[in-house]
Amino acid sequence: MSKLIIHAGFHKTGTSAIQRTLYNNKALLSSNNYFYPNSDPFEAHHKLLARLLNSQIYDLEEAKNDAYRTLATFKEQASGKDIVISSEMICEGLNPIVFERAFELFERVEIHFYIRNQLELTESAYNQQVKQNGESRSLLEYKPYTVDLYSHVEQFRQVFPSIVTKCHLYDKGEFVGGNLIFDFFERVLEIEGPEIDREAQGITNRSLSPVACILLRYANKVLATSSKARQDYIKKLFSSFSDNSDHSYKLIPDHVEEKILQEIDFCNKRLDSEYLNKDYFSKIAVRNIEFLSDEKAFEIARSKEFEVII
């Protein structure tokens, strides 16, 4: 039976770590009857998805043909093995109908999502915007992530009722062995106790602490995004603000968290009942940790005699 497994994200759920591990452990995958297609210059299949995203706007039929041709090539290269593709771009902006013909190549198609507490997700996505893209607006001015996870997942089931759509929790307490990579290999690929090459295992993108995130946000107004001065400043932030006390804050005030939870209440109940079969997302509550204001971040920086760039 020919099978296609799609790891569709979401963003900020360890996707880079999973993709790097898949890319660097192709021998392990092959010995378990899996084929991870060449994805250069990326370790994920972003190039393919970016192409489909662009072409669907101008010519949906050509996008469908492109998806079919690409997956047909992957299937030929796989020589009878099941295929695994991974890109978080699949779940955002891509019209599922693009795969209308491509999915006909396989007897079974599975699409897997890791889903995360939306309050943490919002902060993590914002953190990346500040670190990688030079964002200088506050989190409340710039909301970087759509929190209705259910709609993103459900669109595939609506277009392709026959495919297997599964959600897995991005929660260390829920991971197999407390490890995301082992969780992916066992839950998604059904490879028990995988002997993963430790040196080739993916490393999760490192996030700034809340204090460092605010300090860099202000520095982004002054320092050019790609400048050496900014890179050096980021290294100093990681060095000075990485202990547990710096992570015991949140960037979203209580009243905003409450509003977000009200907005996604319906979404979360449906995730629980239709995809998780457990009461998990419905129990997300306003986090009982201190909101970190800009003034508080500056106070902490001064207490450590750290140079603040404003």
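**Exercise 1. Is E123 buried or exposed?**

Solution. The structure is a predicted model, in which local features need pLDDT of at least 70, side-chain atom pairs count only at pLDDT 80 or more, and totals for chains, interfaces and linings use all residues. Residues are numbered from 1 along each chain as its sequence is written, and side-chain values use heavy atoms, with hydrogens and water left out.

Step 1. Buried means under 20% relative accessible area, exposed over 50%, and partly exposed in between, with a 1.4 Å probe and protein chains only.

Step 2. The relative accessible area of E123 is 12%, so E123 is buried.

Step 3. E123 lies in helix 5; helices (H or I, at least four residues) and strands (E, at least two) are DSSP runs, numbered from the N terminus.

Step 4. Contact means heavy atoms within 4.5 Å. Leaving aside neighbours within four places in sequence, E123 is in contact with L139, K250, L251, I252 and R287.

**Exercise 2. Describe the overall dimensions of the protein chain.**

Solution. Step 1. The secondary structure of the protein chain comes to twelve helices and seven strands.

Step 2. The radius of gyration is taken over C-alpha atoms, and the globule rule is 2.2 Å times the number of residues to the power 0.38. For 310 residues the rule gives 19 Å; the radius of gyration of the protein chain is 21 Å, close to that, so the chain is as compact as a globular protein of that length.

Step 3. Along the principal axes, the C-alpha atoms fill a box of roughly 60 × 45 × 40 Å.

Step 4. Buried residues make up 54% of the 310 in the protein chain. Of the contacts with a separation of 6 or more, 78% are between residues 24 or more positions apart.

**Exercise 3. Check the length of helix 4 and find its buried face.**

Solution. Step 1. The expected span of a helix is 1.5 Å times one less than its number of residues. Helix 4 (residues 60-78) has 19 residues and should span 27 Å; its end C-alpha atoms are 27 Å apart, which agrees.

Step 2. The buried residues of helix 4 are A63, K64, D66, A67, T70, L71, F74 and A78. Seen down the axis of helix 4, these fall within an arc of 160°, so they line one face of the helix; the arc is that of the directions from the helix axis to the C-beta atoms.

Step 3. An α-helix has 3.6 residues a turn, so residues three or four places apart point the same way.

Step 4. The buried residues of helix 4 pack against strand 1 (3-7), strand 2 (34-35), helix 3 (46-58) and strand 3 (82-86).

Step 5. After helix 4 comes S79, whose phi is positive, near 50°.

**Exercise 4. Place strand 3 in its sheet.**

Solution. Step 1. Two strands pair if DSSP finds at least two bridges between them. The open sheet of five strands has the order 2-3-1-4-5, with parallel pairing. Strand 2 and strand 5 are the edge strands, each pairing on one side only.

Step 2. Strand 3 runs parallel to strand 1, joined by four bridges, with I83 as the bridge partner of L4. Strand 2 and strand 3 also run parallel, joined by two bridges, and D82 is the bridge partner of Y34.

Step 3. D82, V84 and S86 point one way from strand 3, and I83 and I85 the other way. Five of the five residues of strand 3 are buried, so the strand is largely enclosed by the rest of the structure.

**Exercise 5. Where is V98 and what does V98 touch?**

Solution. Step 1. V98 is found in the loop between strand 3 and strand 4, and is buried, with a relative accessible area of 0%.

Step 2. Not counting residues up to four places away in sequence, V98 touches L52, Q56, L60, A63, K64 and A67.

Step 3. The C-alpha atoms of V98 and D66 are separated by 8.7 Å, the two residues being 32 apart along the chain.

**Exercise 6. List backbone exceptions outside the helices and strands.**

Solution. Step 1. Most residues other than glycine have a negative phi, and most peptide bonds are trans.

Step 2. The peptide bond from G9 to F10 is cis, with omega near 10°; F10 is in the loop between strand 1 and helix 1 (15-24). Another cis peptide bond joins D40 and P41, with omega about 5°, and P41 lies in the loop between strand 2 and helix 3.

Step 3. N33 is not a glycine, yet has a positive phi of about 70°; N33 counts as partly exposed at 35% relative accessibility. E305, also a residue other than glycine, has a positive phi near 55° and counts as exposed at 74% relative accessibility.
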